[in-house]
Number of protein chains: 4
Amino acid sequence: MPKIVDKKQKRAEIATAAIKLFAQKGFEKTTIQEIATSAGIGKGTIYEYFKTKDDILKQASEEIFKQLEQALHNNFNSSANPSEQISALSMMVLSVGKEVEQIFIVYLELWLRNMRTHKYADFMNIFHVLLGEMREVLANIIESGKKTGAFRADADSRALAIYLLASFDGIFMHYLLDSSAFDLVEVAKAFINNFIKGLERT
Amino acid sequence: MPKIVDKKQKRAEIATAAIKLFAQKGFEKTTIQEIATSAGIGKGTIYEYFKTKDDILKQASEEIFKQLEQALHNNFNSSANPSEQISALSMMVLSVGKEVEQIFIVYLELWLRNMRTHKYADFMNIFHVLLGEMREVLANIIESGKKTGAFRADADSRALAIYLLASFDGIFMHYLLDSSAFDLVEVAKAFINNFIKGLERT
Amino acid sequence: MPKIVDKKQKRAEIATAAIKLFAQKGFEKTTIQEIATSAGIGKGTIYEYFKTKDDILKQASEEIFKQLEQALHNNFNSSANPSEQISALSMMVLSVGKEVEQIFIVYLELWLRNMRTHKYADFMNIFHVLLGEMREVLANIIESGKKTGAFRADADSRALAIYLLASFDGIFMHYLLDSSAFDLVEVAKAFINNFIKGLERT
Amino acid sequence: MPKIVDKKQKRAEIATAAIKLFAQKGFEKTTIQEIATSAGIGKGTIYEYFKTKDDILKQASEEIFKQLEQALHNNFNSSANPSEQISALSMMVLSVGKEVEQIFIVYLELWLRNMRTHKYADFMNIFHVLLGEMREVLANIIESGKKTGAFRADADSRALAIYLLASFDGIFMHYLLDSSAFDLVEVAKAFINNFIKGLERT
DNA sequence: TATGAATGAGGATTCATTCAT
DNA sequence: AATGAATGAATCCTCATTCAT
């Protein structure tokens, strides 16, 4: 009887090794040999777990979205008032910190790929749903603020939610290009604070 | 020196052809042959104008930043009050429209490349400067608003400028992935409006 | 030694599975995995019965010649006069029918392999002997016809035997390429009949 | 301006080099590198002339049929009486000699490939036509013999033509497997002579 | 100057074979 | 004995780059 292996686990392990490399060098520039070496296995073994190189990217992206989702669900507790909730949610998203940097870079590459094909390929769907959910959550918070009278009644909650979420990608992108240019948390705090101020009734 | 101009012009032409392809397929997946064909010249001729494939990307990125810069400088006239200036600047950046979509995709790929190397390679420097300038312009507008008393005195103008500019990339990125999900201008207007509201004294 | 028989039997079973695949896809294009799957066993198990992939081909060819031989010996009964014997032998060879088509294709591939190496490798020896025997049998029939005065005295029995046997491969080959082009038995009958006519004294 | 090359000629040259190797080692076992080396060019250059490895086989087979056709058309002159014509045609086919041995081996491999796919792929079509023509020519000769009263009126000219042509492949196949076993021309002469005797009226 | 023919380094993928269980 | 996980040698093919014309 052959060695018993948790195929799923091993797939995930390889994907993790791949993500690191994809982040460092990009998908195209990363070779199967490098992934194998990084995963501590033989080149051929990769093909026991993945059909093609693209398949690795697919698995890797699933890994990524799983992590993103987890990071979000773990950290967010919807206590407090709408203003605080927005602030908390924003900080949470942006403070995921170093461990997600790599993830974000691959995430950006995936984004790019999907931009080009102009359709949500496999994996991107997962994210599409996640993004939709987050927009909803955020819009609801704003709506609830409007209901309590804390926020302007004329605020377009969906539009604001969409843009605010998008802005997270933007600031992260700018931050990762040159992290010495500014302090991410500080800048974000100032901005989110201003965003909330814009919402609040006076 | 009758050929000098020609050479420069041809470089630009080739770069333009390249940008289109880079946007469609990505840098790695675009072949020299394709660029040559698209530019209507022979494969070997490319090397009369560019040292390497990377060199084409460099020229392409210069082309891109030239266009971005032009788009910005052309449209922006610093009339009116700070609030209106912010609004105008924002709309201008975001309303560049279809012709810049391709540019943006390549711009994103360049961003990704520089994220990975963790240093501003050649071409990126140009952008670094441009970004710095824009941050400065925006921060100054906010500062001037503070001076006139229109804006909160405690507003961190640099932080807000940094984040607002970054947010443009974010929303554009989200928009280009799925342009049917929302109306870019509408969403941006609502958000910028809120941003200004957050700044204004009450 | 209870396992000995099993082992032999299993070898034969695997070889049978292999022959089917070799006929369909050719030896090179058939993978060990496919043979294993087709035989209903694990890939590794193949190597309990065969040293290498070539070894399977060897066994398969033995299987093939065993079948060919059996088909011949079963059907041939040397009754009647020389003319009838030739006719019967010919028809027997050619009427083996559908079940041997697969066999013939692999047989042809084996032939090709041995043509290339310009030596009778292992398995081919068996056939070499079989071919020799058949030539002998056929030549003897002709000789006996000459002795009884039924056949021309100047007939070169060995040459005719060699060629006639070879012609069976030729017509089978043509038939298998496009079995709709002609009726094998009908064509063969006409030809063999003419062959015998050529032999008979007038 | 680049080197001017007769692409067609070079394709043929490479195909010729390939045929030699295909005959020696078989298509599957012949590597692109080997073909390139044998053709005295670089591995990559092959792909300037052929899309894939299969494409080389296709070109090679065209080369082969061109040669076969030429060999036949060059040598056959329809003089003399039907008996002599048959004799001449047969000898011609079989006496093509050494230079066609290689060709024949590849021809056999092509045959095998097409047997498997059960359809005439590209190249095989050419041969199909050639075979049809030859059957026609041969059948016509027999028919003309029947008309002059030299041959039996009841001879099935088409069947005999089909089989006789097929027999050429058979005897060649046997001869090439072990050319020391018999003298091809001698054996063929005896056989063809007998074939004609079978046809002739008595 | 312009070109495309030539090239080989490089990379994805396949698969026979080994071996630990 | 039976198995399939692991492996790397081997191979096809791509493509940036060079260079002769």
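Which residues of H9(D) are buried? They are D:Val187, D:Ala188, D:Phe191, D:Ile192, D:Asn193, D:Asn194, D:Phe195, D:Ile196, D:Gly198 and D:Leu199. Buried means that 20 or more other C-beta atoms lie within 10 Å of the residue's own; exposed means 12 or fewer, and partly exposed lies in between, with C-beta atoms placed from the backbone.

This is a predicted model, in which local features need pLDDT of at least 70, side-chain atom pairs count only at pLDDT 80 or more, and totals for chains, interfaces and linings use all residues. Residues are numbered from 1 along each chain as its sequence is written, while chains are lettered from A and ligands numbered from 1 in the order in which they are written.

**Chain A**

- Chain A has nine helices and zero strands. Helices (H or I, at least four residues) and strands (E, at least two) are DSSP runs, numbered from the N terminus.
- The order of elements from the N terminus is α-α-α-α-α-α-α-α-α.
- The C-alpha trace of chain A spans about 70 × 40 × 30 Å along its principal axes.
- Of the 202 residues in chain A, 41% are buried.
- Take the contacts in chain A between residues at least 6 apart in sequence: 67% of them join residues at least 24 apart. Two residues are in contact if their C-beta atoms, placed from the backbone, lie within 7 Å.

**Chains A and B**

- Chain B and chain A each put 40 residues into their contact.
- On the chain B side, two or more residues come from each of helix H1 (2-25), helix H6 (99-117), helix H8 (157-177) and helix H9 (184-199).
- H8(B) gives the most to that side, with 14 residues.
- By class, the side of chain B that touches chain A has 23 nonpolar, nine polar and eight charged residues. Nonpolar covers Ala, Val, Leu, Ile, Met, Phe, Trp, Tyr, Cys and Pro; charged covers Asp, Glu, Lys and Arg; the others, Gly among them, are polar.
- Chain B superposes on chain A with an RMSD of 0.3 Å after a rotation of 180 degrees and 0.0 Å of shift along its axis. In chain A, 100% of the contact residues of chain B recur, and the same surface serves both copies.
- Superposition is by least squares on the C-alpha atoms of residues with pLDDT of at least 70 in both copies.

**Chains C and D**

- Here the contact takes 40 residues from chain D and 40 residues from chain C.
- Helix H1 (7-25), helix H6 (98-117), helix H8 (157-177) and helix H9 (184-199) of chain D each supply at least two residues of the side that touches chain C.
- The largest share of that side, 14 residues, comes from H8(D).
- Its residues divide into 23 nonpolar, nine polar and eight charged.
- A turn of 180 degrees and a shift of 0.0 Å along the axis lay chain D on chain C with an RMSD of 0.2 Å. That is the relation of a two-fold axis.
- The copies meet through the same surface, because 100% of the interface residues of chain D are also interface residues in chain C.

**DNA strands**

- Around DNA strand E there are 35 residues, of which B:Gly42, B:Gly44, D:Pro2, D:Gly42 and D:Gly44 come nearest. A residue is near a strand if its C-beta atom, placed from the backbone, lies within 6 Å of it.
- Elements giving two or more residues to the surface near DNA strand E include helix H2 (32-39) and helix H3 (43-49) of chain A.
- The surface near DNA strand E has eleven nonpolar, 14 polar and ten charged residues.
- Around DNA strand F there are 35 residues, and A:Pro2, A:Gly42, A:Gly44, C:Gly42 and C:Gly44 come nearest.
- The surface near DNA strand F has eleven nonpolar, 14 polar and ten charged residues.

**Cores**

- The largest nonpolar core has 122 residues. A nonpolar core is a set of buried Ala, Val, Leu, Ile, Met, Phe, Trp, Tyr and Cys residues joined through C-beta atoms within 7 Å.
- Those with the most contacts inside this core are A:Ala18, A:Val106, A:Tyr163, B:Ala18, B:Val106 and B:Tyr163.
- Helix H8 (residues 157-177) of chain A gives the most to this core, with 14 residues.
- A second, separate core of 120 residues includes C:Ile14, C:Ala39, C:Val187 and D:Phe191.

**Details in chain D**

- D:Thr31 lies in the loop between H1 and H2 of chain D. D:Thr31 is partly exposed, because 13 other C-beta atoms lie within 10 Å.
- The C-alpha atoms of D:Thr31 and D:Lys43 are separated by 9.8 Å, and the two are twelve residues apart along the chain.
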